[in-house]
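I sat down with one structure and a blank page. These are my notes on what I looked up.

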Amino acid sequence: MSIQVTYELTADQAYHGVRRANRRRFALVRACCAVLLACGIVLLATGGQPVLGSVLVVVAPLLAFWQSYATRLRVARHQAENPGPLTIAFADSGCAFTTGGFRQAFAWSRFTRIADDRDHLFLYARRELPVAVPKSVFHPYELGELMRVLQSRPNYRPSRRSS
């Protein structure tokens with residue numbers, strides 16, 4: 001197999017791809033923030049510890065906001081450090097990312113997880129900022145060949161929302 005694609009995403013498109021790749025993490029943080037907010041409201045309503053309740057009511061929404069904001073900053077910083085289109089060369093042994101003058105290759109075993117959904121292929125070389133590759137950049141036969149190879153890998157885990 002030898003497939004090469006080149007594409008460029010805006011910072012917003014890249015953020016949404018990363019957010020979809022980390023859907024569970026975002027949901028977990030939102031759930032924890034909701035619990036903290038509910039505890040703060042209960043503490044304020046009962047009058048038990050109004051200072052702690054006030055802190056929880058203020059901090060919980062800020063934590064929920066911070067997760068999205070910090071992820072946007074990380075994606076924007078990554079794109080500023082690596083401007084231009086991204087070229088990914090897929091081979092039987094792994095894949096290589098090239099942008100500008102920077103090139104980094106990974107064997108398939110180095111990925112902690114490889115997943116996909118209806119619109120993206122997610123490559124988790126680094127846990128906090130996976131590479132979200134839009135499936136629309138592939139020709140249908142290339143995507144089919146690539147998915148057959150990836151699905152045979154032990155670190156491939158299909159998303160629950162894959163098509």
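What follows is my notebook, entry by entry.

**Ground rules.** I am looking at a predicted model, where local features need pLDDT of at least 70, side-chain atom pairs count only at pLDDT 80 or more, and totals for chains, interfaces and linings use all residues. Residues are numbered from 1 along each chain as its sequence is written, and side-chain values use heavy atoms, with hydrogens and water left out.

**Entry 1: the four-strand sheet.** I started with the strands. Helices (H or I, at least four residues) and strands (E, at least two) are DSSP runs, numbered from the N terminus. I count two strands as paired if DSSP finds at least two bridges between them. Four strands make an open sheet in the order β1-β2-β3-β4, with antiparallel pairing. At its edges I found β1 (2–7) and β4 (102–107), each of which pairs on one side only. The twist from one strand to the next averages 15°; axes here are lines fitted to C-alpha atoms, for helices over the stretch in contact, and angles run from 0 to 180 degrees between N-to-C directions. I also reminded myself that strands of a sheet pair through backbone hydrogen bonds, either parallel or antiparallel.

**Entry 2: following β3.** How many bridges pair β2 with β3? I got five, in the antiparallel sense, between residues 86–91 of β2 and residues 94–99 of β3. A hairpin joins β2 to β3 through two residues. I looked up a couple of partners: Phe90 has Cys95 in β3 as its bridge partner, and Leu86 stands opposite Thr99 in β3.

On to the next pair: β3 and β4 are antiparallel too, over six bridges. Ala96 stands opposite Ala105 in β4. β3 and β4 also form a hairpin, with two residues between them, and Gly100 in that turn has a positive phi of about 60°.

Is β3 mostly covered or mostly uncovered? It is mostly covered, as five of its six residues are buried (buried means under 20% relative accessible area, exposed over 50%, partly exposed in between, with a 1.4 Å probe and protein chains only).

**Entry 3: the second sheet.** I found another open sheet, this one of three strands in the order β5-β6-β7, with antiparallel pairing. Its edge strands are β5 (113–116) and β7 (131–134), each pairing on one side only. Neighbouring strands in this sheet are turned by 15° against each other on average, direction ignored. β6 and β7 run antiparallel and are joined by four bridges. I noted His120, which stands opposite Pro134 in β7.

**Entry 4: the helices.** Two packed helices are described by the angle between their axes and the distance between the axes. I took α2 (residues 23–46) and α3 (residues 50–81) as one pair: their axes come within 7 Å and cross at roughly 165°. α2 and α3 are therefore roughly antiparallel to each other (angles under 35 degrees count as roughly parallel, over 145 as roughly antiparallel, 65 to 115 as roughly perpendicular and the rest as oblique). Their crossing is left-handed, meaning the near helix is turned anticlockwise from the far one by less than a right angle, while clockwise would make it right-handed. The residues of this contact divide into 17 nonpolar, six polar and two charged. For that split, Ala, Val, Leu, Ile, Met, Phe, Trp, Tyr, Cys and Pro count as nonpolar, Asp, Glu, Lys and Arg as charged, and the others, Gly among them, as polar.

Next I tried α1 (residues 11–21) with α3, whose axes come within 9 Å and cross at roughly 125°. α1 and α3 are therefore oblique to each other, and the crossing is right-handed.

**Entry 5: the core.** Which residues have the most contacts inside the largest nonpolar core? They are Ile88, Phe90, Leu121 and Leu123, in a core of 23 residues. A nonpolar core is a set of buried Ala, Val, Leu, Ile, Met, Phe, Trp, Tyr and Cys residues joined through side-chain atoms within 4.5 Å. The elements giving two or more residues to this core are β1, β2, β3, β6 (120–124) and α4 (140–151). α4 gives the most, with five residues.
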